Amino acid sequence: MMHYPRLKDLREDKNMTQSQIAAVLGIDQRVYSNYETGKRNIPTKFVVKLADFYHTTTDYILGRTNDPAPLGQRPQKRKG
């Protein structure tokens, strides 16, 4: 199983409860809690939906990058 520590951080940054995020996903709070704690793997469709909801990337949620900004909002690197 994967662990998703950023799910809790993102949720708390928005001052939302697990029940509120579960409602966004259309699932039971207990199921969402299992995603946050890593007891269940989160389906891809929910990772995508949460990335859109939090205005971040799926890679950030999955821990593949430390940059929470979506690609279109990242500062451009200068050439030269």
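**A friendly note on an all-helix chain**

1. Let's begin with how the chain folds back on itself. Among contacts in the protein chain between residues at least 6 apart in sequence, 47% join residues at least 24 apart. Please keep in mind as you read that this is a predicted model.

2. Next, the overall layout. The protein chain contains 5 helices and 0 strands, and reading along the sequence gives the pattern α-α-α-α-α. As for the outside, the accessible surface of the protein chain is about 5,500 Å², with 48% of that belonging to carbon and sulfur atoms.

3. Now the inside. Of the 80 residues in the protein chain, 35% are buried. The largest nonpolar core has 18 residues, and those touching the most other members are L7, Y32, I42 and L50. At least two residues of this core come from each of α1 (5-13), α2, α3 (29-37), α4 (44-54) and α5 (58-61). Which helix gives the most to this core? That is α4, with 5 residues.

4. L50 is a good residue to click on in the viewer. Not counting residues up to four places away in sequence, L50 touches L7, I21, L25, Y32, I42 and I61. Three of the names to look for here, L7, Y32 and I42, were listed beside L50 in the previous point as residues that touch the most other core members.

5. Two helices deserve a look as a pair. Two packed helices are described by the angle between their axes and the distance between the axes. For α2 and α3, the axes come within 8 Å and cross at roughly 105 degrees. An angle from 65 to 115 degrees counts as roughly perpendicular, so α2 is roughly perpendicular to α3. Where they meet, α2 brings Q18, S19, I21, A22 and L25, while α3 brings Q29, Y32, S33 and E36.

6. Let's finish with Q18, which sits in helix α2 (residues 18-25). Is Q18 buried or exposed? Its relative accessible area is 16%, and buried means under 20%, so Q18 is buried. The side chain of Q18 also makes a polar contact with the side chain of Q29, at 2.5 Å.

7. Which residues is Q18 in contact with, leaving aside its neighbours within four places in sequence? They are R11, Q29, Y32, S33 and E36. Try comparing this list with the meeting place of the two helices, where Q29, Y32, S33 and E36 are the residues from α3.

How values were computed:
Residues are numbered from 1 along each chain as its sequence is written. This is a predicted model: local features need pLDDT of at least 70, side-chain atom pairs count only at pLDDT 80 or more; totals for chains, interfaces and linings use all residues. Side-chain values use heavy atoms; hydrogens and water are left out. Helices (H or I, at least four residues) and strands (E, at least two) are DSSP runs, numbered from the N terminus. Buried means under 20% relative accessible area, exposed over 50%, partly exposed in between (1.4 Å probe, protein chains only). A polar contact is a pair of N or O atoms within 3.5 Å; within protein, one must be able to donate a hydrogen and the other to accept it, and residues adjacent in sequence count only if both atoms are side-chain atoms. Contact means heavy atoms within 4.5 Å. Accessible areas come from the Shrake-Rupley method with a 1.4 Å probe; for residues, only the protein chains shown count as cover. A nonpolar core is a set of buried Ala, Val, Leu, Ile, Met, Phe, Trp, Tyr and Cys residues joined through side-chain atoms within 4.5 Å. Axes are lines fitted to C-alpha atoms, for helices over the stretch in contact, and angles run from 0 to 180 degrees between N-to-C directions. Angles under 35 degrees count as roughly parallel, over 145 as roughly antiparallel, 65 to 115 as roughly perpendicular and the rest as oblique.
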